[in-house]
Amino acid sequence: MGEAMTEDIKETTKKLRRTRVGEVTSISGTKSAVVTVENLVRHAQYGKYIRRHTKVQVHDEEGIARLGATVEIVPCRPLSKTKAHRLVREVRPPAGVQA
């Protein structure tokens, strides 16, 4: 009874990872890509929202990333000096390309 209960607790308390959506700006190698993630930040004094950009190195195991596509990424353990995110799926294909 104790083991089954701890298994249930482990499954329910699994940490949810923050997924982010960004655009593929560069394909660097067969399993790597650069994704630009855009987020809105509120200006402290004036209250206006400002667009901020972050470039993230992404590990693409299946090679599904295409230049200009919108993709979903999730943080993971560091895979190299600069790569600490994995590509989950392609949300939207690049402009002008059929899915």
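Contact here means heavy atoms within 4.5 Å. With that cut-off in hand, the walk through this predicted model can start at one residue, Val91.

Val91 lies in strand 5, which spans residues 83-92. Set aside its neighbours within four places in sequence, and Val91 is in contact with Thr70, Val71 and Glu72. Val91 is partly exposed, because its relative accessible area is 37%, and buried would need a value under 20%. Val21 is 70 residues away from Val91 in sequence, yet the C-alpha to C-alpha distance is 8.2 Å.

Now cross to the contacts of Val91. Thr70 is found in strand 4. Thr70 counts as buried, because its relative accessibility is 14%. Beyond residues up to four places away in sequence, Thr70 touches Val21, Gly22 and Glu23, and also Glu90, Val91 and Arg92. Glu72 is buried too, with a relative accessible area of 13%. Strand 4 as a whole, residues 70-75, is mostly covered. Five of its six residues are buried.

Next, the pairing. Strands of a sheet pair through backbone hydrogen bonds, either parallel or antiparallel. Strand 4 and strand 5 run antiparallel and are joined by six bridges. Within this pairing, Glu72 has Arg89 of strand 5 as its bridge partner. Strand 4 also pairs with strand 1, residues 20-27. That pairing is antiparallel as well, over four bridges. Here Gly22 stands opposite Val71 of strand 4.

Strand 2 covers residues 32-42, and strand 3 covers residues 49-59. The two pair in the antiparallel sense over 11 bridges. Val41 stands opposite Ile50 of strand 3.

Put the strands together. Five of them close into a barrel, in the order 1-2-3-5-4, and the pairing is mixed. From one strand to the next, the twist averages 50°.

What makes up the largest nonpolar core? It has 10 residues in all: Val24, Ala33, Val35, Val37, Val56, Val58, Ala65, Val71, Ile73 and Leu87. Strand 2, strand 3 and strand 4 are the elements that give two or more residues to this core. Strand 2 gives the most, with three residues. In soluble globular proteins, nonpolar side chains tend to be buried together.

Val24 shows the surroundings of one core member. Residues up to four places away in sequence are again left out. Val24 then touches Ala33, Val34 and Val35, the run Ala65, Arg66, Leu67, Gly68 and Ala69, and finally Val71.

Charged pairs come next. Side chains of opposite charge can pair when their charged atoms come close. How many salt bridges does a search of the whole structure find? The search finds four. Three of them can be followed here residue by residue.

Take Glu61 and Lys31. Their side chains meet in a salt bridge, at 3.2 Å from N to O. Glu61 sits in the loop between strand 3 and strand 4, and Lys31 in the loop between strand 1 and strand 2, so the pair ties together parts that are 30 residues apart in sequence. Glu61 is partly exposed, with a relative accessible area of 45%. Lys31 is partly exposed at 38%.

Glu90 and Arg66 form another salt bridge, with the closest N and O atoms 2.8 Å apart. Glu90 belongs to strand 5 and Arg66 to the loop between strand 3 and strand 4, so this pair ties together parts that are 24 residues apart in sequence. Glu90 counts as partly exposed, at 25% relative accessibility. Arg66 is partly exposed, with a relative accessible area of 30%. Both residues have appeared before: Glu90 among the contacts of Thr70, Arg66 among those of Val24.

The last pair returns to the starting region. Glu72 forms a salt bridge with Arg89, and the closest N and O atoms are 2.8 Å apart. Glu72 is in strand 4 and Arg89 in strand 5, so the link joins distant parts of the chain, 17 residues apart. Is each end buried or partly exposed? Glu72 is buried, because its relative accessible area is 13%. Arg89 is partly exposed, because its value is 42%. Glu72 and Arg89 are thus bridge partners across the two strands and a salt-bridged pair. Glu72 is also in contact with Val91, where the walk began.

Terms used
Residues numbered from 1 in each chain as written. Predicted model: local features only at pLDDT ≥ 70, side-chain atom pairs only at ≥ 80, totals over all residues. Heavy atoms only, no water. Buried < 20%, exposed > 50% of the residue type's maximum accessible area, 1.4 Å probe, protein only. Pairing = 2+ DSSP bridges. Axes fitted to C-alpha atoms, helices over the stretch in contact; angles between N-to-C directions. Core = buried A, V, L, I, M, F, W, Y, C linked by side-chain atoms within 4.5 Å.
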